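Trainee: Hi! I'm new to this one, could you walk me through it?
Mentor: Happy to, let's bring it up and start with an empty space inside.

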Amino acid sequence: MTAAGTTVNKPVLVESLIVFAIVLCVHGAVWDRFSWCAVALAIQAFYVQFKWDHLLQLGSAVFQFRTTANSGLLPACMAIPLLGITMKERCSAAGIVYFERFGIVVACTGMAIALFLSVIAIGITKPVPTNTCILSGIAGSLIIYTLKQSLSVSEVIEVLEVLLIFVYLSMILLYLLPRCFTPGEALLILTGISFVLNQLIKRSLNVIEGRGDPVDFFLLVVVVGIVLLGIFFTALFFFMDSGTWISSMFFHMMTAVLGLGVVMPWLYRLIRRNPLFWLFQFLSQTQMRVYLLAYWTLLAISACTVVLCQNTKRSSGSKKHQASTVTRKYFHFIVVATYVPGLIHDRQLLYVAAVACLAVLILLEYIRYFRIKPFGQMLRHLLSLFLDERDSGPLILTHIYLLLGMSLPVWLFPRPCALKGTLAGTGALVPYSGVLAVGVGDSVASIFGSTVGEIKWPGTKKTFEGTMTAIFAQVITVAIILIFDSTVDLNASYSWILVSISLVSLLEAYTTQVDNLLLPLYLQILLMV
């Protein structure tokens with residue numbers, strides 16, 4: 001089997017089969033008008049993925065993408081539509097019409113963006129692939145017909161707005177940040193940012209006093225603010241040296257101006273109170289929150305200690321020292337120790353703390369990337385020890401992906417659609433998707449696979465022993481969660497949990513994408529069905 005003259009990569013083929021299995025599992029449980037679109041989209045994305053892979057091999061893609069992985073278009077294309085479909089079903093069952101409609105918008109927007117990337121790939125492939133064009137035409141016709149039948153005029157406009165924001169962000173960020181993403185990773189990240197920006201604009205134009213959760217507004221404003229800050233300084237430092245003291249002082253000054261002059265007033269407009277007073281009151285509302293914050297501070301200090309100790313070994317060693325896989329997984333276990341108490345005792349506090357940590361990590365990455373004095377060069381030296389093959393571009397994103405993978409199930413959890421704060425059956429485990437898939441599964445698979453693994457999965461460096469141990473560890477973790485979290489009631493749906501964990505663990509073994517980002521999304525999708 002060939003695609004544009006290149007032999008099909010067997011690991012990519014197996015990865016595609018796993019994604020198809022997940023799509024069929026979801027639509028076996030939830031079959032409606034969107035199911036035909038999702039299946040058609042998966043088939044055409046499978047073919048288009050090989051066109052993108054061929055373009056990457058030839059260096060003919062529009063932008064410079066990460067070269068150590070395949071395009072990852074199929075798993076990325078299916079994640080957002082499946083997430084929207086499962087959200088729609090959960091909120092429909094709960095009778096929450098607003099979020100049911102929002103789930104439909106998410107699913108349709110994900111399909112529209114996937115089609116857009118398909119058209120780009122087909123347009124720049126020479127000669128034009130006739131079969132792929134036909135498949136994309138059929139899938140596009142199904143999706144456009146379904147959009148026409150399912151969306152109101154205002155929802156169609158919303159889909160087009162997100163698509164337009166996605167196009168502009170793609171042109172800006174992929175040009176300014178070469179080799180940082182694969183096409184699939186870019187699709188997931190830029191679609192998420194596009195949705196956040198669109199939601200913030202929409203809610204800012206329709207502010208109703210007393211309506212909306214300040215916690216949700218906090219996420220929207222902080223994410224948009226930190227992204228705009230990065231775009232501004234990336235464009236600015238194109239024309240001036242960022243490593244001088246004058247540039248560094250300008251960076252700190254403009255960061256303060258944006259925070260106090262734009263982000264704070266914007267947040268004030270949305271929540272109708274002083275953001276700093278609201279945040280202080282929120283963090284000190286209960287004694288448990290104070291205890292959690294103190295505990296998390298200790299864990300943050302321990303993580304910094306690990307970084308400093310590993311760099312001390314590099315400085316004192318006679319040869320070049322690089323952090324091992326086991327050492328890098330220390331941070332996974334520290335994050336698990338951070339998230340599990342928050343999920344059990346106070347999910348709203350965890351929600352806000354994760355947003356604040358994301359802003360801090362991205363801001364530190366700006367300081368490292370731009371060599372902002374006095375800490376830029378030091379951060380470059382400290383973090384270079386923990387680089388892996390996924391950090392092939394100018395940015396170091398692995399630790400940010402880890403935080404995103406753990407936080408996305410918390411942020412995307414449909415709280416208004418969850419009676420008594422939790423979903424029924426396996427849905428009760430949805431907020432734990434990041435803990436299970438990344439914190440436990442990925443960590444255990446890497447540690448056991450690299451130390452005792454001998455039987456490798458065909459075409460990959462991952463081992464059978466690592467995958468089986470990861471599945472076993474996640475099942476044990478589910479049992480522990482059942483003991484300590486009284487809100488989790490699985491209603492005897494243990495077989496579905498085992499199937500979900502097994503499929504996601506197999507995806508971890510074969511994917512070359514950033515698993516910290518991809519695995520929690522797919523586990524959340526399966527658990528929400």
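Mentor: Helices α3 (73–94), α7 (183–205) and α19 (515–528) each supply at least two residues of the lining of the second largest cavity. Helices here are DSSP runs of H or I with at least four residues, strands are E runs of at least two, and both are numbered from the N terminus. Keep in mind that this is a predicted model, where local features need pLDDT of at least 70, side-chain atom pairs count only at pLDDT 80 or more, and totals for chains, interfaces and linings use all residues. Residues are numbered from 1 along each chain as its sequence is written, and side-chain values use heavy atoms, with hydrogens and water left out.

Trainee: Which helix gives the largest share of that lining?
Mentor: That is α7, with three residues.

Trainee: And what counts as a cavity?
Mentor: On a 1 Å grid over the protein atoms alone, a cavity is a set of points where a 1.4 Å probe fits but cannot get out, and lining residues have an atom within 4 Å of a point. Grid points are joined across faces, edges and corners, and a volume is the space filled by probe spheres set on the points.

Trainee: How many cavities are there of 30 Å³ or more?
Mentor: Four by this rule. The second largest holds about 50 Å³ of space.

Trainee: Which residues line the second largest cavity?
Mentor: The lining consists of G72, P75, A76, G184, E185, L188, Q513, V514, L517 and L518. By class, six are nonpolar, three polar and one charged. In this scheme Ala, Val, Leu, Ile, Met, Phe, Trp, Tyr, Cys and Pro are nonpolar, Asp, Glu, Lys and Arg are charged, and the others, Gly among them, are polar.

Trainee: Changing topic, what is the average pLDDT of the protein?
Mentor: The average is 84, and 91% of the residues score at least 70. pLDDT is the predictor's confidence in each residue, from 0 to 100.

Trainee: Which elements have the lowest and the highest mean pLDDT?
Mentor: Strand β1 (residues 2–3) has the lowest at 41, and α13 the highest at 92. Over residues 1–7 the pLDDT is below 50, and this stretch has 10 contacts in the model beyond near neighbours in sequence. A contact means heavy atoms within 4.5 Å. Where pLDDT is low, the predicted coordinates should not be read in detail.

Trainee: OK, so what does R347 in α13 do with its side chain?
Mentor: R347 sits in α13, which covers residues 347–370. Its side chain makes a polar contact with the side chain of D485 at 3.3 Å. A polar atom of the R347 side chain also lies 2.9 Å from the backbone oxygen of L343. A polar contact is a pair of N or O atoms within 3.5 Å; within protein, one must be able to donate a hydrogen and the other to accept it, and residues adjacent in sequence count only if both atoms are side-chain atoms.

Trainee: What about the loop between α13 and α14?
Mentor: P374 lies there, ahead of α14 (376–383), and the peptide bond from K373 to P374 is cis, with omega near 5°. R371 is in that loop too, and R371 has a positive phi of about 60° although it is not a glycine.

Trainee: Is R371 buried, exposed or partly exposed, and why?
Mentor: R371 counts as partly exposed because its relative accessibility is 33%. Buried means under 20% relative accessible area, exposed over 50%, and partly exposed in between (1.4 Å probe, protein chains only).

Trainee: Where does V215 sit, and what does V215 touch?
Mentor: V215 is in helix α8 (residues 214–236). Not counting residues up to four places away in sequence, V215 touches W278, F282, Q348, Y351 and V352. V215 is buried, with a relative accessible area of 2%.

Trainee: And S35, buried or exposed?
Mentor: S35 is buried, at 0% relative accessible area. S35 belongs to helix α2 (residues 33–58), and its side chain reaches the backbone oxygen of V30 at 3.2 Å.

Trainee: How far is S35 from L24?
Mentor: They are 11 residues apart in sequence and 9.1 Å apart in space, C-alpha to C-alpha. L24 lies in helix α1 (residues 10–29) and is exposed, with a relative accessible area of 56%.

How values were computed: 1 Å grid on protein atoms, 1.4 Å probe; cavity = no way out; pocket = protein on both sides within 12 Å on 5 of 7 lines; lining within 4 Å.
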